[in-house]
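Here's a quick back-and-forth for the bench. Have a look at the model first, then we'll go through it together.

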Amino acid sequence: MSISLLLCVPHRPLQSTLLSQPMFHCYRKSSSCGYCRRKGAGHSYFARATSMSPASYQALVDRCWRRSGSLLYRPNQRDACCPHYTIRLDSHRFRTTKDQRQAVNRFNKYVIGDAYAKEAARLYPKSREQARKRDTEFDLVERIHESETLSLKQPPAPSHAFTVTLEPDDFTEEKFRVFENYQQVVHRESPSSISREGFRRFLCTSPLKKEKLTGPDGRERQLGSFHQCYRLDGQLVAIGVLDLLPDCVSAVYFLYHESIHRFSPGKLGALREIALAIEGGYRWWYSGYYIHTCPKMKYKIDFSPQQILDPETLEWIDLTQDVIKKFDDHGYLNLRETGEDTAKSASTTEETIPMEVEDREDGTPDDEDTESDEDASLFDSNMPGIPSVEEMASVNLDNIAVRLTRGYCYASDLFEWHGESIANVGSAKAMVAELVAAVGPEFVQDICLDFRRS
């Protein structure tokens, strides 16, 4: 039997999260590390999500969670060989580096072509002020769209047709072909290990509901999971898998065809996602976990300024060079002990200040990696930021909603756990208590356990 999480209950505000049956929620030893490939290295807490609002997932991401398809997981940084830290970039304060600007300009020049540039300059001359501004300022949003077919004045025709569209995260053969090429060429995977079902489960199955949100500035934001599709001369050449949440653009995965490798597509994709955070009003760009011991992750801190989430206090801290240096001497870094060298970020108040590593993977766990018999109690773990059994004893679990094949009921009525202690490891009440502790006791009223048969 398995239990799912479904954040959406009729008799409560539609901010609930449907989780699968509690038997699937568990604190479990990983079969292998997705980064250094060590066997049995570290533990994570796993939960299967059936349906959840983007706002609910944002709350989880801000508590060190990520997702792989519909599988939610929160790693234990303390016992990991490669501790995972959540980081985010403030797009309002982002400044491009020289090599980032060069990557954008190099790709735009390739798409537009010299012949178009010369003829367009003659047909559509810029004013002296416009030319001066372009030579002295680099507007990321403007430059990132500069070579798109819809942004170019025609005639003449550019050397290549380039489009980027935000599309539903559905499976298509066209997308699978890019995924297949990427996994074989970049990740050196054998053809037999790459399947349509694996691609569908990993990158085309999301529990997030599609919604629209009107921000304080009046702009409408799309929320949910999407594929940002890049096409060159009509051919799909790259896909950015994104979760658009109320306050961030969260990068899930980025893949591309080998034919565009020379243009630093990983770097271009990250810059485009930051541009989307700016123009879409999301503000923050979450690039996934940062793992200091993983060389493939180093590109993430080339984008700044960033903040890092303290897994113990769940507060954001500025990711300064002092903090980065401390990572060199630690496995798990207690960010509270960085003390006088690190200032807590002043916050989320608005402030407006006018790769070569292409492998943008997050080492997300495969479903099969969670199928181990080495389950343990979350309360016996040393995972940071998890309330104790004593603290959880005061949380009312009885009124957690449970969705059945026909209708709903309360958890206490289904499990008949009246008088049962959450210290009774392996019991339904203990498993539900662990789930609430991992998600956050303050969200207990937003959880719905999904017991419908799949």
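A disulfide, for our purposes, is a pair of cysteine sulfur atoms within 2.5 Å. Keep in mind that this is a predicted model.

Q: By this rule, what does the count of disulfides come to?
A: To count, a pair of cysteine sulfur atoms has to sit within 2.5 Å. Take cysteine 409: the nearest cysteine sulfur belongs to cysteine 448 and is 9.1 Å away, and cysteine 409 is in no disulfide. By this rule the count for the model is 0.

Q: Is cysteine 82 buried or exposed?
A: The cut-off for buried is under 20% relative accessible area. Cysteine 82 has a relative accessible area of 6%, so it is buried.

Q: How many of the residues of strand 11 are buried?
A: Strand 11 covers residues 235–245 and is mostly covered. Out of its 11 residues, the number buried is 10.

Q: Which residue in strand 11 stands opposite glutamine 228?
A: Start with strand 10, residues 220–232, which runs antiparallel to strand 11 and is joined to it by 9 bridges. The two form a hairpin with 2 residues between them, and aspartate 233 in the turn has a positive phi of about 55°. Opposite glutamine 228 in strand 11 you'll find glycine 240.

Q: And on to strand 12: which residue there stands opposite alanine 238?
A: Strand 12 spans residues 248–256 and pairs with strand 11 in the antiparallel sense over 8 bridges. A hairpin through 2 residues joins strand 11 to strand 12. The strand 12 residue opposite alanine 238 is tyrosine 256.

Q: How many nonpolar residues does the lining of the largest cavity have?
A: The largest cavity holds about 140 Å³ of space. Of the 14 residues that line it, the closest to its centre are Phe107, Phe162, Tyr230, Leu268 and Arg272. Helix 2 (98–112), strand 11 and helix 8 (265–279) each supply at least two residues of that lining. By class there is 1 polar residue and 1 charged residue, and the nonpolar count is 12.

Q: Where is serine 377 found, and is it buried or exposed?
A: Look in the loop between strand 16 (375–376) and helix 10 (389–392) for serine 377. Its relative accessibility is 8%, and buried means under 20%. So serine 377 in that loop counts as buried.

Q: What side chain does the side chain of serine 377 join in a polar contact of 3.2 Å?
A: A polar contact needs N or O atoms within 3.5 Å. At 3.2 Å, the side chain of serine 377 makes one, and the partner is glutamate 434.

Methods. Residues numbered from 1 in each chain as written. Predicted model: local features only at pLDDT ≥ 70, side-chain atom pairs only at ≥ 80, totals over all residues. Heavy atoms only, no water. Buried < 20%, exposed > 50% of the residue type's maximum accessible area, 1.4 Å probe, protein only. Helix = DSSP H or I, 4+ residues; strand = E, 2+ residues; numbered from the N terminus. Pairing = 2+ DSSP bridges. 1 Å grid on protein atoms, 1.4 Å probe; cavity = no way out; pocket = protein on both sides within 12 Å on 5 of 7 lines; lining within 4 Å. Points joined across faces, edges and corners; volume = space filled by probe spheres on them. Nonpolar A, V, L, I, M, F, W, Y, C, P; charged D, E, K, R; others polar. Polar contact = N/O pair within 3.5 Å; in protein donor to acceptor, adjacent residues only side chain to side chain.
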